[in-house]
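Trainee: Please take me through one part of this model closely, and then through the parts that go with it. I would like each term explained when it comes up.

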Amino acid sequence: MTTTPGRRERKKALTRQALADAALELFLEHGYDGVTVAQIADAADVSLATLFKHVPDGKEALIFDDGTERREAVVAAVRDRPAGTSVLAALRGFMTGRGPFATDLTPDLRRKRDLIVGTPALAGYQRKLWLAGEGALAEAIAAGGDAQDPATRALARYVLEIPELAGTDPDPRASLDAIFDLLERGWTG
């Protein structure tokens, strides 16, 4: 049974969305480094104190959620994969639809992706969000086995580093495929 959020939670979500929308619009118009948190607060019609209450991690966190959806989605890709699908095939399929690897983004999402990939502070924050899912992904890969096994942890970490490793390549999708091909066949050199 799903519960409906209360009025306070709805207002917090609306404020958070207003901040995210204002930040994204300003970043796209003026560049990340050309925007201050005060400008974002003004554009969202909130005080600086309210901005920092909703986004204590600073302005790079403004256009991202807290990483929960990302973490849950990568875990679900492994946990809910069809019978007969390998962990690596499930992870490759998941990654192909995300960020720099997606080919079917709307123009607005493409602009946001390009902003993130092209802005070191935003790319770094995104990497932090990806890596926060390492433990949960290792548990899903282990499927009841030893999630602390170094090989399991290494696979989880490496897969979560792929957006950083290949996201800025001239052909991110080809780079993603090359990495997964390597993982699937193993290092031979």
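Mentor: What follows begins with the chain as a whole, then turns to one helix, and then to other parts of the chain.

The model is predicted, so local features need pLDDT of at least 70 and side-chain atom pairs count only at pLDDT 80 or more, while totals for chains, interfaces and linings use all residues. Residues are numbered from 1 along each chain as its sequence is written, and side-chain values use heavy atoms, with hydrogens and water left out.

The chain has ten helices and zero strands. Both kinds of element are DSSP runs numbered from the N terminus: helices are H or I with at least four residues, and strands are E with at least two. Read from the N terminus, the order is α-α-α-α-α-α-α-α-α-α. Along the principal axes, the C-alpha atoms fill a box of roughly 55 × 45 × 30 Å. Of the 189 residues in the chain, 40% are buried; buried means under 20% relative accessible area, exposed means over 50%, and partly exposed is in between, with a 1.4 Å probe and protein chains only. Contact means heavy atoms within 4.5 Å. Among contacts between residues at least 6 apart in sequence, 61% join residues at least 24 apart.

The part to look at closely is helix 9, residues 150-166. The expected span of a helix is 1.5 Å times one less than its number of residues. For the 17 residues of helix 9 this gives 24 Å, and the end C-alpha atoms are 23 Å apart, which agrees. Helix 9 has a kink of about 35 degrees at Leu160, shortly before the proline Pro163. The bend at a residue is the angle between axes fitted to the seven residues ending there and the seven starting there. Leu160 and Pro163 are among the buried residues of helix 9, as are Thr152, Ala156, Val159, Glu161, Ile162 and Ala166. The cover over these buried residues includes helix 4 (68-79), helix 5 (87-96), helix 7 (120-131), helix 8 and helix 10 (172-185).

Just before helix 9 comes a loop that joins it to helix 8 (134-142), and Ala143 is found there. Ala143 has a positive phi of about 45 degrees although it is not a glycine. With a relative accessible area of 67%, Ala143 counts as exposed. Asp45 also has a positive phi, of about 60 degrees, and is not a glycine either. Asp45 lies in the loop between helix 2 (37-44) and helix 3 (48-54), and its relative accessibility of 71% makes it exposed.

Helix 4 and helix 8, both part of the cover over helix 9, also pack on each other. Two packed helices are described by the angle between their axes and the distance between the axes. Axes are lines fitted to C-alpha atoms, for helices over the stretch in contact, and angles run from 0 to 180 degrees between N-to-C directions. Helix 4 and helix 8 have axes 9 Å apart and an angle of about 10 degrees. That makes helix 4 roughly parallel to helix 8, since angles under 35 degrees count as roughly parallel, over 145 as roughly antiparallel, 65 to 115 as roughly perpendicular and the rest as oblique. Arg71, Val74, Val75 and Val78 in helix 4 meet Ala136, Leu137, Ala140 and Ile141 in helix 8. By class, this contact has seven nonpolar, no polar and one charged residues; Ala, Val, Leu, Ile, Met, Phe, Trp, Tyr, Cys and Pro count as nonpolar, Asp, Glu, Lys and Arg as charged, and the others, Gly among them, as polar. Val75 in helix 4 is buried, with a relative accessible area of 12%.

Helix 7, also part of that cover, meets helix 6 (107-118). Their axes come within 5 Å and cross at roughly 95 degrees, so helix 6 and helix 7 are roughly perpendicular to each other. Leu115, Ile116, Val117 and Gly118 of helix 6 make the contact with Pro120, Leu122, Ala123 and Gln126 of helix 7. By class, that contact has six nonpolar, two polar and no charged residues.
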